[in-house]
Amino acid sequence: MPSQCEAMTGLVAIFGHGEQAAVSSADIEAFAATYRSLRGGDVRYAPAVGRMRAAVVAVEGSPAVGLEKGDTSWAAFTGVVYDRSSLLGAPLEDLDGHFGLIRFDGATDEAVVATDPLGIQSIFVAEHGGRTYVSTSALAIAKHLRARADPLGVVTFLRAGFLFGQATHWEGIRRLDPGSAVTLHAAGSTDRIYWRP
């Protein structure tokens, strides 16, 4: 069955760990509004199922982002991703391109957040208050959570002119390494490397 995709530009998502960290529609709307305040665009929401809430932000003329919907699952991506089948069940190892991916499985109530093998498309994550926040913009997460500046990240950037690895300018916010994935579930999260040269 062909996937339903729309042209968009950025991703934001929140995953709640445990019952007390349930994510409401208002929570994701506020996070999407923070992203929009920085980059503009129109917001489209992934289906509200399970612990995960996500939104994709459309800006005309910007790089592609897509939203594929299933019965109780969905996948959102930014950049370019190549696969011969649906993104809902495709093994990460089979995907090619320059992409950031958020995939939610309604049957298992788990989500996977992944970067492309070369890390061309950045994806950022932060753990806060029993939730995991995900975005293509570290600044959107920092602004939404009111994160403090990370002295080492800021000094590194000022001296070198760039950041590398998982470092960002803010405490508690990290960039996913190339070819890596984070599985989000009720008990927390599990990191893995799915590709290395």
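The radius of gyration here is taken over C-alpha atoms, and the rule for a globule is 2.2 Å times the number of residues to the power 0.38. For 197 residues, that rule puts a compact globule near 16 Å, and this protein has 16 Å, so the two agree. Keep in mind throughout that this is a predicted model.

Some overall figures before the details. Along the principal axes, the C-alpha atoms fill a box of roughly 50 × 40 × 35 Å. The secondary structure comes to three helices and 12 strands. Of the 197 residues, 46% are buried. Among contacts with a separation of 6 or more, 52% are between residues 24 or more positions apart.

Next, confidence. The mean pLDDT is 85, and 91% of the residues reach 70 or more. Residues 1-8 are a stretch to treat with care, with pLDDT below 50. Beyond near neighbours in sequence, that stretch still has 22 contacts in the model. Where pLDDT is low, the predicted coordinates should not be read in detail.

Now strand β1, residues 10-16. How many of its residues are buried? Seven of the seven are, so the strand is largely enclosed by the rest of the structure. In a regular strand the side chains alternate between the two faces of the sheet. In β1 both faces are covered. Gly10, Val12, Ile14 and Gly16 are buried on one side, and Leu11, Ala13 and Phe15 are buried on the other.

The strand β1 runs antiparallel to β9, and five bridges join them. One residue to find on screen is Gly16, whose bridge partner in β9 is Arg131.

Strand β9 also takes us to the aromatic pairs, of which the structure holds two. A pair of aromatic rings is described by the distance of the centres and the angle of the planes. For Phe31 and Tyr133 the centres are 5.6 Å apart and the planes are at 80°, so this pair is edge-to-face. Phe31 sits in helix α1, residues 25-39, and Tyr133 in β9, residues 131-135, so the pair ties together parts 102 residues apart in sequence. Both Phe31 and Tyr133 are buried.

The other pair is Trp74 with Phe104, and this one is stacked, at 6.1 Å centre to centre with 25° between the planes. Trp74 is in strand β5, residues 74-82, and Phe104 is in strand β6, residues 96-105, so to speak a link between distant parts of the chain, 30 residues apart. Trp74 counts as buried because its relative accessibility is 0%. Phe104, at 1% relative accessibility, counts as buried too.

Back to helix α1 for one more residue, Thr34. Is Thr34 buried or exposed? At 12% relative accessibility, Thr34 counts as buried, because the cut-off for buried is under 20%. Leaving aside neighbours within four places in sequence, Thr34 is in contact with Ala140, Lys143 and His144.

Last, the sheet that contains β5 and β6. This is an open sheet of six strands with antiparallel pairing, in the order β4-β5-β6-β7-β11-β12. Which strands are at the edges? They are β4, residues 65-69, and β12, residues 188-193, each pairing on one side only. Neighbouring strands of this sheet are turned by 20° against each other on average, with direction ignored.

At the β4 edge, five bridges join β4 to β5, and the two run antiparallel. Val65, for example, has Thr78 as its bridge partner in β5.

Notes: Residues numbered from 1 in each chain as written. Heavy atoms only, no water. pLDDT = per-residue confidence, 0-100. Contact = heavy atoms within 4.5 Å. Phe/Tyr/Trp six-rings, centres within 6.5 Å; stacked < 30°, edge-to-face > 60°. Helix = DSSP H or I, 4+ residues; strand = E, 2+ residues; numbered from the N terminus. Buried < 20%, exposed > 50% of the residue type's maximum accessible area, 1.4 Å probe, protein only. Pairing = 2+ DSSP bridges. Axes fitted to C-alpha atoms, helices over the stretch in contact; angles between N-to-C directions.
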